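Work through the exercises below with the sequence and the coordinates open. Each task is followed by a solution in steps.

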Amino acid sequence: MEFLLITGMSGAGKSQAMKVMEDMNYYCMDNLPPALLAKFAELCYKSRKDIDKVAVVVDIRSGEFFEHLFKGLQELNDGGMTHKILFLDAADNVLVKRYKELRRPHPLNPEGSIIEGIKKERELLENVKGRADYIIDTSNLTLSMLKEEMSNIFLEGKGSRNISLSVISFGFKHGTLLDGDLIFDVRFIPNPFYIQELREYTGEDENVRDYVFKWSQTNIFISKVIDMLEFLIPHYTREGKTQLIVGIGCTGGVHRSVAIANEIADILETNGHRVAVSHRDYRLK
């Protein structure tokens with residue numbers, strides 16, 4: 001029987017992940033007390049419903065019971081039931097934004113600061129994250145991107161603890177990319193905005209892309225960025241980093257940065273990396 005434990009930061013998307021696993025025909029249980037892990041696995045194993053894939057969500061909602069997690073996992077091992085751990089994470093500023101949008105207090109600090117609750121939770125989950133088989137950072141993932149990532153891991157067997165890459169285009173006039181690990185400014189490339197017949201198009205249109213890539217400096221820049229990323233990625237991975245956010249910025253975030261972000265993401269994916277590309281300030285004309 002395949003047994004998956006889903007855990008991670010509050011607000012990182014565990015509920016959505018459980019729904020994705022249900023769509024993959026996993027038998028799912030939310031908010032299971034850690035002390036009951038082995039018992040629940042045994043019941044599923046002995047069930048007449050031929051349950052062969054199980055996913056359970058365990059998190060800090062378990063309160064005092066959460067300290068029993070490692071004991072529960074050991075009981076699974078002792079009973080001959082192998083398991084995997086999926087840990088969902090997100091950047092602090094993203095978690096704060098999600099809590100504020102939902103107008104919810106943090107469960108570890110319901111009367112105080114959300115960021116203080118997040119800090120306490122990170123400390124509590126540090127050892128769990130260290131033992132995770134799969135780590136997904138949802139900071140810049142839409143629901144469809146999360147589904148694709150989980151499909152890669154659990155249906156196509158492409159998942160690993162390797163770093164995931166997010167390439168994000170943006171416009172400096174709308175503010176820099178605050179959560180970017182590496183920010184590249186492509187405003188040195190001639191701007192299609194000033195070409196009348198290109199102004200109303202975007203970097204996803206062939207005519208704009210052809211204009212951006214006709215300049216030798218564009219292709220040299222992309223080659224150097226790829227070389228840098230291929231050098232940095234294994235070093236970041238060895239240091240335990242699970243997601244690298246690469247920002248590509250131009251003036252408005254519509255033309256140059258979009259075309260270049262797409263190209264960089266395509267090359268990285270061809271090179272075998274897990275890549276998500278998004279456009280923060282992209283606007284269809």
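The exercises cover the overall make-up of this predicted model, then its salt bridges, helix packing and two single residues.

**Exercise 1. Overall make-up**

Task: State how many helices and strands the protein has, and what share of its residues is buried.

Solution.
- Step 1. The protein contains 9 helices and 9 strands.
- Step 2. Of its 285 residues, 48% are buried.
- Step 3. The C-alpha trace spans about 70 × 45 × 35 Å along the principal axes.
- Step 4. Take the contacts between residues at least 6 apart in sequence: 78% of them join residues at least 24 apart.

**Exercise 2. Salt bridges**

Task: Find how many salt bridges the whole structure holds, and say which parts of the chain the pair D59 and K14 ties together.

Solution.
- Step 1. A search of the whole structure gives 8 salt bridges.
- Step 2. One pair is D59 and K14, with 3.8 Å from N to O; the cut-off for a salt bridge is 4 Å.
- Step 3. D59 sits in the loop between β3 (53-57) and α3 (69-78), and K14 in helix α1 (residues 14-23), so this bridge links parts that are 45 residues apart in sequence.
- Step 4. Both D59 and K14 are buried.

Task: Do the same for E149 and R274: which elements hold them, and are they buried or exposed?

Solution.
- Step 1. The side chains of E149 and R274 form a salt bridge at 2.0 Å, N to O.
- Step 2. E149 belongs to helix α6 (residues 143-154) and R274 to strand β9 (residues 274-279), so the pair connects parts 125 residues apart in sequence.
- Step 3. E149 is buried, as is R274.

Task: Give the N to O distance of the salt bridge between D281 and R280, and name the residues that salt bridges with shared partners join into one network.

Solution.
- Step 1. D281 and R280 meet in a salt bridge of 2.9 Å, N to O.
- Step 2. D281 has a relative accessible area of 8%, so it is buried.
- Step 3. R280, at 30% relative accessibility, is partly exposed.
- Step 4. Salt bridges with shared partners join D89, D92, R122 and K129 into one network.

**Exercise 3. Packing of α1 on α6**

Task: Describe how α1 and α6 cross, and list the residues that make the contact.

Solution.
- Step 1. The two axes come within 10 Å and cross at roughly 55°.
- Step 2. At that angle α1 is oblique to α6.
- Step 3. The crossing of α1 past α6 is right-handed.
- Step 4. From α1 the contact takes Q16, A17, V20 and M21, and from α6 L143, L146, K147, M150 and F154.
- Step 5. By class, the contact has 7 nonpolar, 1 polar and 1 charged residues.

**Exercise 4. Packing of α4 on α5**

Task: Identify the buried residues of α4, then characterise the packing of α4 and α5.

Solution.
- Step 1. In helix α4 (residues 92-102) the buried residues are V94, L95, V96 and Y99.
- Step 2. The cover over these buried residues includes α5 (114-130).
- Step 3. α4 and α5 pack at about 125°, with axes 10 Å apart.
- Step 4. The two helices are therefore oblique to each other.
- Step 5. α4 passes α5 in a right-handed crossing.
- Step 6. D92, L95, V96, Y99 and K100 of α4 meet I114, I115, I118 and R122 of α5.
- Step 7. Sorted by class, this contact has 6 nonpolar, no polar and 3 charged residues.
- Step 8. After α4 comes R103, whose phi is positive, near 55°.

**Exercise 5. Two single residues**

Task: Which residues does I136 touch, not counting those up to four places away in sequence?

Solution.
- Step 1. I136 lies in strand β5 (residues 134-137).
- Step 2. With a relative accessible area of 2%, I136 is buried.
- Step 3. Outside that sequence window, I136 touches L86, F87, L88, D89, L141, L146, E149, M150 and I153.
- Step 4. The C-alpha atoms of I136 and L5 are 14 Å apart, and the two residues are 131 residues apart along the chain.

Task: Is S257 buried or exposed, and which residues does S257 touch, not counting those up to four places away in sequence?

Solution.
- Step 1. S257 is part of helix α9 (residues 256-270).
- Step 2. Its relative accessibility is 0%, so S257 counts as buried.
- Step 3. With residues up to four places away in sequence left out, S257 touches S169, F170, V186, I248, G249 and C250.

Conventions
Residues are numbered from 1 along each chain as its sequence is written. This is a predicted model: local features need pLDDT of at least 70, side-chain atom pairs count only at pLDDT 80 or more; totals for chains, interfaces and linings use all residues. Side-chain values use heavy atoms; hydrogens and water are left out. Helices (H or I, at least four residues) and strands (E, at least two) are DSSP runs, numbered from the N terminus. Buried means under 20% relative accessible area, exposed over 50%, partly exposed in between (1.4 Å probe, protein chains only). Contact means heavy atoms within 4.5 Å. Axes are lines fitted to C-alpha atoms, for helices over the stretch in contact, and angles run from 0 to 180 degrees between N-to-C directions. Angles under 35 degrees count as roughly parallel, over 145 as roughly antiparallel, 65 to 115 as roughly perpendicular and the rest as oblique. A crossing is left-handed if the near helix is turned anticlockwise from the far one by less than a right angle, and right-handed if clockwise. Ala, Val, Leu, Ile, Met, Phe, Trp, Tyr, Cys and Pro count as nonpolar, Asp, Glu, Lys and Arg as charged, and the others, Gly among them, as polar.
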